[in-house]
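Here are some exercises to work through with the structure open beside you. Try each task before you read its solution.

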Amino acid sequence: MKTLKLNLTMKEKLNNIIFHTKTKDQFIEETLSSLSGLLDDVFTGNDENKIKKEFPPDIQIEDIGIQLRNVSLLMESKEFITPSIEVSIDLILEKMEYEIGTYTLIFDENGEQVDEVLNIN
């Protein structure tokens with residue numbers, strides 16, 4: 001039992017250090033909102049990023065489910081100079097429970113978005 005309590009205390013300490021500008025839930029909500037806007041543009045808008053062709057044929061926005069993959073701290077990265085927070089969400093074709101891809105937002109130490117990545121399988 002002491003180990004479990006120690007882990008929870010350490011997790012709380014890390015949360016207080018890492019998420020000082022925004023809470024973990026705020027980062028997740030921002031990522032979900034950004035993903036929603038992207039999917040809305042792809043399926044009902046102008047597809048400004050020209051990525052609809054990357055999705056399975058005949059898929060509709062209603063066919064896509066989402067699942068939180070992770071919220072991670074990147075201490076070192078060849079792409080970012082400072083530590084970053086990464087929030088990744090899996091896109092799942094609900095009818096077949098097939099993972100379509102992963103959407104990720106990366107935030108800097110001030111909580112500002114610095115990158116957006118959509119990987120379609």
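**Exercise 1. Take stock of the helices and strands, then of the whole protein.**

Solution. Start by counting: this predicted model has two helices and four strands.

Next, walk along the sequence and write down each element as you meet it. You get α-α-β-β-β-β.

Now for the overall dimensions. Along the principal axes, the C-alpha atoms fill a box of roughly 50 × 35 × 25 Å. The accessible surface is about 8,300 Å², and carbon and sulfur atoms account for 51% of that. Of the 121 residues, 33% are buried.

Finally, look at the contacts between residues at least 6 apart in sequence: 41% of these join residues at least 24 apart.

**Exercise 2. Work out how the strands are arranged in the sheet.**

Solution. Go across the sheet strand by strand. The order is β1-β2-β3-β4, the pairing is antiparallel, and the sheet is open. At the edges sit β1 (64–74) and β4 (113–120), each of which pairs on one side only. From one strand to the next, the twist averages 15 degrees.

Then take the pairs in turn:

- β1 and β2 are joined by 10 bridges; serine 72, for instance, has glutamate 86 in β2 as its bridge partner.
- β2 and β3 share nine bridges, and serine 88 finds its bridge partner in threonine 104 of β3.
- β3 (residues 98–107) and β4 are held by seven bridges.

One more step: look at the connection between β2 and β3. These two strands form a hairpin with four residues between them, and in the turn glutamate 97 has a positive phi of about 50 degrees.

Last, add the helix that packs here. Helix α2 (residues 24–44) lies across β1, β2 (84–93), β3 and β4, and runs at about 125 degrees to β3.

**Exercise 3. Decide whether β2 is enclosed or open to the outside.**

Solution. First sort the side chains by direction. In a regular strand, side chains alternate between the two faces of the sheet. In β2, Ser84, Glu86, Ser88, Asp90 and Ile92 point one way, while Ile85, Val87, Ile89, Leu91 and Leu93 point the other way.

Next, check burial on both sides: each of those residues is buried. Put that together and you have your answer: 10 of the 10 residues of β2 are buried, so the strand is largely enclosed by the rest of the structure.

**Exercise 4. Describe the surroundings of threonine 102.**

Solution. Begin with its place: threonine 102 lies in strand β3. Across in β4, asparagine 119 is its bridge partner.

Now ask whether threonine 102 is buried or exposed. Its relative accessible area is 12%; buried means under 20%, so threonine 102 is buried.

Then see what is around it. Beyond the residues up to four places away in sequence, threonine 102 touches Arg69, Ser88, Ile89, Asp90, Leu91, Val117, Leu118 and Asn119. With one of these there is a polar contact: the side chains of threonine 102 and aspartate 90 meet at 2.9 Å.

**Exercise 5. Find out what aspartate 41 is doing at its spot in the chain.**

Solution. Locate it first: aspartate 41 is in helix α2. Its relative accessibility is 16%, so it counts as buried.

Look next at its contacts. Setting aside neighbours within four places in sequence, aspartate 41 is in contact with Asn46, Asp47, Glu48 and Asn49. Zoom in on glutamate 48: its backbone nitrogen lies 2.8 Å from a polar atom of the aspartate 41 side chain.

A little further along is isoleucine 51, 10 residues from aspartate 41 in the chain, and their C-alpha atoms are separated by 9.9 Å.

**Exercise 6. Classify the aromatic pair of phenylalanine 43 and phenylalanine 55.**

Solution. The structure holds two aromatic pairs, and here you look at one of them. The ring centres of phenylalanine 43 and phenylalanine 55 are 5.2 Å apart, with the planes at 70 degrees. An angle over 60 degrees counts as edge-to-face, so that is the label for this pair.

Now place the partners. Phenylalanine 43 belongs to helix α2 and phenylalanine 55 to the loop between α2 and β1, 12 residues apart.

To finish, check burial: phenylalanine 43 has 14% relative accessibility, so it counts as buried. Phenylalanine 55, at 5%, counts as buried too.

Definitions and conventions:
Residues numbered from 1 in each chain as written. Predicted model: local features only at pLDDT ≥ 70, side-chain atom pairs only at ≥ 80, totals over all residues. Heavy atoms only, no water. Pairing = 2+ DSSP bridges. Axes fitted to C-alpha atoms, helices over the stretch in contact; angles between N-to-C directions. Contact = heavy atoms within 4.5 Å. Buried < 20%, exposed > 50% of the residue type's maximum accessible area, 1.4 Å probe, protein only. Polar contact = N/O pair within 3.5 Å; in protein donor to acceptor, adjacent residues only side chain to side chain. Areas by Shrake-Rupley, 256 points an atom, 1.4 Å probe, with all protein chains shown as cover. Phe/Tyr/Trp six-rings, centres within 6.5 Å; stacked < 30°, edge-to-face > 60°.
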